[in-house]
Structures are given as structure tokens and as C-alpha cells.
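Trainee: I would like to learn how to read a structure feature by feature. Where do we start?

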Amino acid sequence: MTSLVGTGVLLRFNLRRDRLMIPVWVAVNALMVLSMPNTLKSLYGTAAERADLLHQVATNSSFRALIGPVFDDSLGALTAWRVGVYAGVLAAATGLLVVVRHTRDEEESGRQELISSGVVGRRASLTAALLAAAVANGALALLVTVGLAGQGAVGALAFGLGLGAVGMLFATTAAIVAQLTESARLARGLTAGVLGAAFVLRAAGDSGSTDGSSALTWLSPLGWLSQLRAFAGERWWVLLLFAAAIAVQGALAYALAGRRDVGMSFMPTRPGPASGHLGTVGALAWRLQRGSVLGWSIGFFLAGVVYGGLTDGVADLVGDNAKAREIFERMGGQSGITDAFLASMTGMLGLVATLYVVASVLRLHGEETSMRAEPLLANAVGRLRWASGHLVVAFGGSALVMLLAGLGFAVGYGKEVGPVLGACLVQVAGVWVIGGLTVLLYGLAPRLAPLAWGVAGAVLLIGWVGPALDIPQSVLDLSPFGHLPKLPGAPMRWTPVLALTALAAAFVTAGLAGLRRRDMTT
């Protein structure tokens, strides 16, 4: 078909561009999954302990909303229960990021127009983007299947295929949204909104049903993943739901791609003049990023409410399980299970906040490569002044989302407002170090700026999986979050907080110095 001419070349080009991003995201997801059986074996080594866990989950709607229902007490089934939802979310995020990067991002930057001037079919770029997403999700499915085969080859295959199917379903969702919108940022945001809605639907359904039979669960692709029941009497027909949804969405994306011009969309940007005051570069940066700030703020507040509501029940869930207590204490300190849980959950939100600060700082890179920064810098606007507007949003926004997370904890937990709020705010120093490192990479070598995603992924991996694997403290200390005080139970230590803040400031200063001296768009 002439519409697919050049697909192979574009696919190789896409995979070359993503030679760092795809392996990092896949590795983080796979390691999270594959580390779980040994962790669960150490936590629930006897049949009695596993039976007690199933009883606790069945009687605790909050934990079902957060993680999902559990269908069997085997290590494989417990692994699919414990990490299934979150591994599915990561797979979906990988799929949507890859597709938007190689479709709408290319059109927005003008590179797609140059590519289309050659011998390239009309739908080749979309096909190459979906194939790149398929490579990423196929690699994840293969790693999970092989890594969990020891728990049962059939269940491992089902779980691996389920994760890959979730990733491809949201990749095709992103392919549709990329045709509808004129902005890559909006395409990513809308697809992420669909993913968030899927999580909420699944959580609402699972909280009201012990076996996942709620209609709300079946409205969510993340609910389909749990209903596949890997390692617990697999329902292979659920994969047909994924296949049908992927086929329908893919066909719709292809139909839309053939009915619009390159660079155009079915939902064009509203023409100006823009309403409101945009007299400064700071106001412009806020206008460009306010939707992202609002979305992250709402998400972190709601996450705080949910985690805060779980706090009173965590002691019952852990019970007398010494290993579970040890993991919480490694993550959250030695100050009792409740305070350790609060400290570990606020720490986890701090780790997730690094994704926000990296994305927000890299908006500078997007503005530069898309040539939107050039008209601003051609006027009486210096580089530092231009960059400072986005950096204020990035660093101030990260502090805001952690503040709102603390308020959410206070609402959900209902007591100890001050200590919980302080536990969230102390994470900001660690977030700022990752943000500062992103500024440094962008300022000195913009081609290396996407490596910041790899750094954020490594920090997430160390903080999330490290305590469960009992890795050495020296490895945990590679993350800036490993040096922060474990509030609310531990005493406040200002020295590491101030040191990390100073390190972040040094990174930002060096990055801005590099930005001031280098050529733009190089």
C-alpha cells in the first residue's frame, strides 16, 4: 500500500530516537513486577499468612480501590494483584508517550512536513509510531512472561500479554487524540486524562465488589487486566476485549489520519487574541503550563486523601508480619507502623513528583526545538528571563503539588495535620535536585536533556523497589530522597534538606550559565 511506504525506515528512526527512553521505562516496569514474587514470599511465606491477607483485602474496600481484588493465594496471583494495576498504568504511559512523540510532536515541530516531502506514505508515520509502541510493550510482555514463568508459565503468559495489551490500547487512544488536537501537550494531557478516568472507574468498581464483578470495573481497561485473572484460572477471552478495542481505535486513528492535512487537526486551536494579561514571559509560561499544574495538583490532593484514609487500617493489614514492618520501616523510618506508613507514602508521592518537575523543565526544550522561543528571544527578552518564567512554574509547581498532597493526607487521615504536611513538604528538596539536574542537562547539552527521564526512572526504581529487595543502603543513598528525614515519626534534620536545596540551586545556576553561552536549537 502506498500509504505505508517508508514505514520501516521511520520505525528504525523512531527506535533510534527512543533508544534510551523505551529501555528505561520498560526496565523500570519489568523490574517492579519481577521483584515482587520474592518480596511476597518473604512477607507471606505460609498458607496461613496468605489466607489472612486475602481476608484483609476482602474486608477492606480502601485497599481494593487502591490495588484491586485478589483471586488466589499463590505467589503468581499475589504478584498480579499487588503490581498489576500500577504496571498497567506504566505500560499505558509508555504507549501514549511514544505515540504522541512520533506523531503530534513531529507535526508541531515541523519535522513531519519535511519527512512527508520525501517518499513517505500518508499513514507511514502513524504506523511507525504504533509499531514503536508495540516494540516497547512486546518487550515488556516478553520480560514479564519469562521472568514469572517459574510461578506458572500459563499465568505468566496471561499477565505479560495483559500488560502489553493495556499499553497498546492506550497507544491507540493516543493515536486518535493526536489526530484531534493541534498540540502535543494537549494530546498527552487528554490521553493521560483518559488513563486517570480508567483508574478511577476501576477503583470505584473494585471498592464495592470483592470479586471485580462491578459494571464500573468492566468499563475500565485496567479492570480488564485484573479480570484476566492471571495465575488464578485465566480468562483468555478477556484478551479479546483488548484486541477488539485496539482494532477499533486503530481503525479510527487511521481513518482520521487520512482526512486531514499535516499539521492540522479536527479540534484546531482557538485563534487569538488570548484573553487575560500576558505582558511578561512569566505570564506566558504560566498560561502554557497551568493545565498541567492543575491536573497534577488535583491528582496529588486526591492521592493524599486516599492514602490518608488507608492509614488507620495499615496496622491491621500488616499485623504481626515482621517482614512487612521491616519494609515500611526501611521506607519510612523506625517510628512505629503508622508513622512509617505515612512517611513511606509521602516519600512515594515525592518520587512521583519528579516526573512533574522533569516534564515542566523540559517544556523549555520543547519551546526551543519547535522554534516558538525564537520570536520571544528576538525581542527585548533575554534567555535567562525567558527560562526563569518556566522554571518558576516548574519548581513552584512541584512545591504546590506536595503541599496539596499534604492537605489531602490531612483530610483523609483526619489528625496530625502539621506533621503530615511537613512530611510532604520536606520531599520538595529531593524533587528540586532532579529538577535542577534537568536544567543542567538542558542548559549544557540539550540533546542530552531527555536523559532526565532516565534519571527520574532510576530514582523511582530505587525508592519503590529498593526497600522491598533489601538492597544496600549505599544504593538507596544514590537517590536524593534517601537522605531526607523520615517524617512524621523521625526528628527533623535540616542539614540534608538545606544541602539538597543548595545542590539543586547549583545545578540550576550551572544550567542557566550553559544556556546563556550556547547556541539555540543545537
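Mentor: We go from the whole chain to single residues, then to rings, charges and the surface. Keep in mind that this is a predicted model.

Trainee: How many helices and strands are there in the protein?

Mentor: The protein has 25 helices and zero strands.

Trainee: What share of the residues count as buried?

Mentor: Buried means under 20% relative accessible area. Of the 522 residues, 51% fall in that class. The protein exposes about 21600 Å², and 66% of this comes from carbon and sulfur atoms.

Trainee: What share of the contacts is between residues 24 or more positions apart?

Mentor: Take the contacts with a separation of 6 or more; residues 24 or more positions apart account for 76% of them.

Trainee: Now a single residue. Where is Tyr356 found, and is Tyr356 buried or exposed?

Mentor: Look up the element, then the accessibility, then the contacts. Tyr356 belongs to helix H17, residues 337–361. Its relative accessible area is 1%, so Tyr356 is buried. Apart from neighbours within four places in sequence, Tyr356 contacts Ser292, Val293, Trp296, Val393, Ala394, Gly397 and Ser398. With Ser398, the C-alpha to C-alpha distance is 7.0 Å, while the two are 42 residues apart in sequence.

Trainee: Which residues does Thr173 touch?

Mentor: Follow the same steps. Thr173 sits in helix H10, residues 153–180, and is buried because its relative accessible area is 9%. Leaving out residues up to four places away in sequence, Thr173 touches Thr191, Val194 and Gln249.

Trainee: How many aromatic pairs does a search of the whole structure find?

Mentor: The search finds seven aromatic pairs. One of them is Trp296 with Phe300, a tilted pair at 5.8 Å centre to centre with 50° between the planes.

Trainee: Why are Trp296 and Phe300 separated by about one helical turn?

Mentor: Both are in helix H15, residues 281–318, and they are four residues apart, so about one helical turn separates them. Check each partner's accessibility as well. Trp296 is partly exposed because its relative accessibility is 24%; Phe300, at 5%, counts as buried.

Trainee: What kind of pair do Tyr307 and Phe409 form?

Mentor: Tyr307 and Phe409 are stacked, at 6.4 Å centre to centre and 20° between the planes. This pair links distant parts of the chain: Tyr307 is in helix H15 and Phe409 in helix H20, residues 383–413, with their positions 102 residues apart. Tyr307 has a relative accessible area of 15% and is therefore buried. Phe409 is also buried, at 0%.

Trainee: Which residues do ring pairs link into a cluster?

Mentor: Pairs that share a ring can be followed onward. Here ring pairs join Trp296, Phe300 and Tyr356 into a cluster.

Trainee: Which charged residue lies over the face of Phe199, and which sits over the ring of Tyr442?

Mentor: For this feature, look at the charged end and the ring centre. Arg202 lies over the face of Phe199, 4.9 Å from the ring centre. Over Tyr442, the charged end of Arg518 is 5.0 Å from the centre of the ring.

Trainee: Last, the surface. Which residues form a nonpolar patch?

Mentor: Val154, Leu157, Leu161 and Trp236 form one, with about 330 Å² of accessible area together. Trp236 lies in the loop between helix H13 (221–227) and helix H14 (238–257). Its relative accessibility is 36%, so Trp236 counts as partly exposed.

Technical notes
Residues numbered from 1 in each chain as written. Predicted model: local features only at pLDDT ≥ 70, side-chain atom pairs only at ≥ 80, totals over all residues. Heavy atoms only, no water. Patch = residues over 30% accessible without salt bridge, like charges linked within 9 Å, V, L, I, M, F, W, Y side chains within 5 Å. Areas by Shrake-Rupley, 256 points an atom, 1.4 Å probe, with all protein chains shown as cover. Salt bridge = Lys/Arg side-chain N within 4 Å of Asp/Glu carboxyl O. Helix = DSSP H or I, 4+ residues; strand = E, 2+ residues; numbered from the N terminus. Buried < 20%, exposed > 50% of the residue type's maximum accessible area, 1.4 Å probe, protein only. Contact = heavy atoms within 4.5 Å. Phe/Tyr/Trp six-rings, centres within 6.5 Å; stacked < 30°, edge-to-face > 60°. Lys NZ or Arg CZ within 6 Å of the ring centre and 35° of its normal.
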